[in-house]
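Dear colleague,

I am passing on the structure we spoke about, and below it you will find my notes on what came out of it. Please read them with the structure open beside you.

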Amino acid sequence: MTDIIIKNLPILVVICPLMMSLIVVLIPYNFLSWVITLSTTFITFIFSLLLYQEVYLHTSISYALGNWAPPLGIEYVIDKVSIVPIIIISLISFITTIFSSKIMPAEINSSSISKVYSLWLLAIAGLIGLVTTGDAFNLFVFLEISSLASVALVAMGGQKDKQGLVAAYNYLVLGAVGATLYVIGVGLLYGITGTLNLADLSKRIAEINDNKALIAGFGFMIIGIMVKAAVFPLHIWLPRAYAYAPSAVSVLLAATATKASLYILARILFSVFDISDTLIINTLQYVILPLSILAMFAGTIMAIFEKDIKRLLAHSSIAQIGYITLAFAIGTKASVAAGFIHLFNHALIKGALFMAITSMSFYINKRITINNLSGLGREMPITFVCFVICSLSLAGIPLTAGFISKLYIIKASISADGIWIAMLILASSALSVVYLWKMIEALWFHEGPKNLLIKENSLVYIPLLIITFLNIYFGLDASLVVNSSFEASEQLLGARK
Amino acid sequence: MISSSLGVWNYWVVFLLMMIGLFLVIGRKNLLKKIVGLTIFQTSVFLLYITFGKIQGGTAPILNNINNTIYSNPLPHVLILTAIVVGVATTALGLSLVLRINSEYGSIEEDDISAQDLVDYHDLIETNKNVSVKFKK
């Protein structure tokens with residue numbers, strides 16, 4: 001029995017939430033649908049931990065879907081690279097599901113809660129599938145599963161605030177354009193190489209040199225994925241989608257959705273194409289590097305001037321995505337590893353910040369703006385402490401997870417002769433303190449409303465405490481994340497050269 | 001030169017449809033027309049794939065006993081079946097969102113909607129500001 005499970009783990013992590021989402025939609029009791037969702041995400045998390053163990057035993061697991069041997073059949077590949085986002089997605093989705101139990105009924109009609117949980121599982125299944133699959137077209141299908149499910153989830157925010165609908169619409173249209181661009185790219189590459197398997201594709205691309213269709217295909221694929229990953233300036237769908245989604249959905253999307261796409265970006269840049277190729281070097285140096293630097297500053301500056309807190313956090317996400325793509329763009333083993341470290345840490349940080357803000361808005365039953373934050377910190381000390389710790393983590397103060405990732409990014413950029421890049425990273429971090437301090441100041445030092453009697457709910461703050469604890473833990477002992485990320489970048493870039 | 005360009009006229013059609021679709025998505029302010037543009041854009045990609053799969057003089061890929069039969073490549077067709085399903089789902093979701101937007105905003109023109117949003121956003125910030133000023137006093 002355990003043997004069968006171990007053997008089929010790569011498909012189980014995808015199929016488990018996918019199938020359960022079909023069951024959850026039929027369940028008329030809201031509490032039961034939550035319990036099923038929680039247990040599904042928990043089982044998926046356990047599976048992904050088992051998978052982690054397996055990957056480190058075998059370096060790479062290839063699973064032939066339906067026993068059709070790759071490269072003709074669809075292949076699921078789990079290696080030390082893809083396990084990082086799988087762990088992120090399954091961990092965050094589990095914690096967020098606990099968090100959603102109280103928050104979800106406050107914002108969504110009780111008649112549609114089980115449907116929301118169904119979409120929730122579907123989005124998770126899509127994201128995990130996106131990461132596990134080793135087939136370029138299957139990747140597109142999962143990309144669309146996850147993005148259609150998340151669009152529907154964002155649109156659920158329309159029950160409370162009609163702007164959620166417009167946000168969902170923009171997300172849908174831009175996401176669909178992005179996915180279609182990706183498909184054009186896959187089509188062009190298929191036309192040249194005659195294969196859709198990513199590993200096979202990389203072998204055949206290496207044999208071709210100087211083909212215009214190849215360059216065009218690469219461009220289409222990269223742009224399509226960059227839309228999904230919200231790389232500046234293709235990020236415009238992101239702030240609104242995160243800001244007007246239902247609270248629990250914002251947490252889930254902010255922590256996981258762009259991470260999966262960023263992983264795909266790294267995969268295409270480093271694994272499908274060759275890092276030593278001039279095409280990739282030029283793309284990294286003249287496209288992704290400047291865009292990341294712009295993202296770091298544009299995101300931070302937009303966040304400084306933003307009044308609505310959920311939007312503020314979304315803008316800061318854009319800046320953080322900039323750090324990750326910057327680390328990828330430097331293109332050495334150490335910097336790609338640093339990118340993966342930040343991928344993991346940013347999921348923890350942004351998940352926690354969104355959780356803290358949305359639980360505040362749950363307690364006072366209002367949208368949170370900078371003005372009505374006043375004095376809330378004193379009313380809800382647990383949430384406030386978690387918020388402060390995670391803000392410090394975002395700014396990169398020592399002893400928090402954010403410090404570790406900034407440290408490695410800066411170290412990698414200095415060793416790659418990019419002192420000025422390190423300076424820019426430090427400058428952008430310093431700017432991020434401005435908006436973080438703005439919130440903390442309002443929360444603690446401003447006089448707030450007197451007649452608020454808030455009792456913090458344990459189901460709301462326990463997930464927040466868990467994720468904050470992880471933020472501190474990975475700040476004190478980062479060896480697990482750092483080692484996994486270095487192994488990942490070793491496998492991603494090591495196969496070449 | 002001319003014959004070689006005309007020889008791939010399928011690609012010209014694809015290119016034209018793609019540009020029309022993308023222009024509608026970017027240039028139109030009407031949400032419904034954007035969805036129409038999106039559908040055209042996606043359809044052009046379907047055509048692109050099917051053009052890849054076609055081999056001149058090739059038949060349907062059905063196994064027969066004659067050797068050396070030329071088949072068209074069936075894989076792009078299968079992929080496009082999947083892509084059509086995805087496209088239908090996208091269109092359906094988009095149209096239902098347009099319906100909901102119309103019932104909430106009373107308009108599906110982007111300018112109207114963003115004007116209303118801007119007013120709401122301004123109200124949100126300003127009303128809360130008054131409250132906090134009161135407390136300071």
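Chain B of this predicted model is divided into two domains, with domain 1 covering residues 2–106 and domain 2 covering residues 109–137. Where these domains of chain B meet, five residues of domain 1 are in contact with six residues of domain 2. The side of domain 1 of chain B that touches domain 2 of chain B is made up, by class, of three nonpolar residues, one polar residue and one charged residue.

Turning to the interior, the largest nonpolar core has 221 residues, and among these Leu153(A), Val154(A) and Ala168(A) touch the most other members. Helix 7 of chain A, which runs over residues 163–193, supplies the largest share of this core, namely 20 residues. If residues up to four places away in sequence are left out, Ala168(A) touches Val151(A), Val154(A), Ala155(A), Gly158(A) and Ala241(A), and also Leu97(B) from chain B.

I also looked at Ala213(A), which is found in helix 9 of chain A, residues 212–229. Is Ala213(A) buried, exposed or partly exposed? Ala213(A) counts as partly exposed because 13 other C-beta atoms lie within 10 Å, whereas a buried residue would need 20 or more and an exposed one would have 12 or fewer. Again not counting residues up to four places away in sequence, Ala213(A) touches Leu188(A), Gly191(A) and Ile192(A). The C-alpha atoms of Ala213(A) and Ile78(A) are separated by 30 Å, and these two residues are 135 residues apart along the chain.

With best wishes

Definitions and conventions: Residues are numbered from 1 along each chain as its sequence is written. Chains are lettered from A and ligands numbered from 1 in the order in which they are written. This is a predicted model: local features need pLDDT of at least 70, side-chain atom pairs count only at pLDDT 80 or more; totals for chains, interfaces and linings use all residues. Domain bounds come from an automatic or database domain assignment. Two residues are in contact if their C-beta atoms, placed from the backbone, lie within 7 Å. Ala, Val, Leu, Ile, Met, Phe, Trp, Tyr, Cys and Pro count as nonpolar, Asp, Glu, Lys and Arg as charged, and the others, Gly among them, as polar. A nonpolar core is a set of buried Ala, Val, Leu, Ile, Met, Phe, Trp, Tyr and Cys residues joined through C-beta atoms within 7 Å. Helices (H or I, at least four residues) and strands (E, at least two) are DSSP runs, numbered from the N terminus.
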